[in-house]
Amino acid sequence: NEAGQMQPAKLQTQDLGELLQEVESSPQLLWYRQCPKARVKTKFLMAVASLVRALTQGSPLVKPWLEQHPALQSLAQKIMKRLFVLPGLGNILETWHEGRLACYNATLSLA
């Protein structure tokens, strides 16, 4: 590589599947709620929401991954249900994610 910069590791579909399996089955998945920093919670949820939404909606960017590892979609569904389905409200993933994106866009337009 040029100028001594490191190249990012290429994420393998199998690695993503294993990671999602670990996350989904981990009781620590819900520990983010105990974090006192709202910014950290939001970053965590935004990262998870972005990936889960892409996988569950079959985004063209992740279609090759889904073709190689069909279980990714069901793992993403399980994570979505644990984090973004609330009693009395149902599935808030799309609404929450769109709201965060709108806030980020508004902030960027002010910069």
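# A salt-bridge network and a helical core

Arg-53, Glu-94 and Glu-98 are joined to one another in a network of salt bridges, and this network is a convenient place to enter the structure, which is a predicted model. The structure holds two salt bridges. In one of them Arg-53 pairs with Glu-94, with the closest N and O atoms 3.7 Å apart. Because Arg-53 belongs to helix 2 (residues 38-56) and Glu-94 to helix 5 (residues 93-110), this pair ties together parts of the chain that are 41 residues apart in sequence. In the other, the side chains of Arg-53 and Glu-98 meet with an N to O distance of 2.7 Å. This pair also links distant parts of the chain, with Arg-53 in helix 2 and Glu-98 in helix 5, 45 residues apart.

The partners can also be described by their exposure. Arg-53 has a relative accessibility of 10% and therefore counts as buried, the cut-off for that class being under 20%. Glu-94, at 45% relative accessibility, counts as partly exposed, and Glu-98, at 39%, counts as partly exposed as well. As a general point, side chains of opposite charge can pair when their charged atoms come close.

From these two helices the view can be widened to the whole chain. The chain has five helices and two strands, and from the N terminus on its elements run α-α-α-α-β-β-α. The C-alpha atoms fill a box of roughly 50 × 40 × 30 Å along the principal axes, and buried residues make up 28% of the 111 residues. Among contacts between residues at least 6 apart in sequence, 66% join residues that are at least 24 apart. The accessible surface of the chain comes to about 7,900 Å², and carbon and sulfur atoms account for 58% of that area.

The next step leads to the interior. In soluble globular proteins, nonpolar side chains tend to be buried together. Here the largest nonpolar core has 20 residues, of which Leu-20, Val-52, Leu-55, Leu-83 and Phe-84 touch the most other members. Helix 1 (13-25), helix 2 and helix 4 (71-84) are the elements that give two or more residues to this core, and helix 4 gives the most, with seven residues.

Helix 4 therefore deserves a closer look, given that it contributes the most residues to the core. Its 14 residues should span 20 Å at 1.5 Å a residue, and its end C-alpha atoms are 19 Å apart, which agrees with that expectation. The buried residues of helix 4 are Leu-72, Leu-75, Ala-76, Ile-79, Met-80, Leu-83 and Phe-84. Seen down the helix axis, these residues fall within an arc of 140°, so they line one face of helix 4. The elements that cover them include helix 1, helix 2, helix 3 (63-68), strand 1 (85-86), strand 2 (90-91) and helix 5.

Two residues of this buried set show the contacts in detail. Ile-79 is found in helix 4 and, at 1% relative accessibility, counts as buried. Leaving aside neighbours within four places in sequence, Ile-79 is in contact with Leu-20, Val-23, Glu-24, Val-48 and Val-52. The C-alpha atoms of Ile-79 and Arg-33, which are 46 residues apart along the chain, are separated by 15 Å. Leu-83, again not counting residues up to four places away in sequence, touches Leu-29, Leu-30, Tyr-32, Phe-44, Leu-45 and Val-48.

Helix 1 can be read in a similar way. Helix 1 has 13 residues and reaches 18 Å from its first C-alpha to its last, close to the 18 Å expected at 1.5 Å a residue. Its buried residues are Thr-13, Leu-16, Gly-17, Leu-20 and Glu-24. They cover an arc of only 100° around the axis, which puts them on the same side of helix 1. On the other side of helix 1, Leu-19, Glu-22 and Ser-25 are exposed, whereas the buried residues pack against helix 2, helix 3 and helix 4.

Helix 2 brings these descriptions together: helix 2 carries Arg-53, which pairs with Glu-94 of helix 5, and helix 2 also gives two or more residues to the largest nonpolar core.

Key:
Residues numbered from 1 in each chain as written. Predicted model: local features only at pLDDT ≥ 70, side-chain atom pairs only at ≥ 80, totals over all residues. Heavy atoms only, no water. Salt bridge = Lys/Arg side-chain N within 4 Å of Asp/Glu carboxyl O. Helix = DSSP H or I, 4+ residues; strand = E, 2+ residues; numbered from the N terminus. Buried < 20%, exposed > 50% of the residue type's maximum accessible area, 1.4 Å probe, protein only. Core = buried A, V, L, I, M, F, W, Y, C linked by side-chain atoms within 4.5 Å. Contact = heavy atoms within 4.5 Å. Expected span 1.5 Å × (residues − 1). Arc of directions from axis to C-beta. Areas by Shrake-Rupley, 256 points an atom, 1.4 Å probe, with all protein chains shown as cover.
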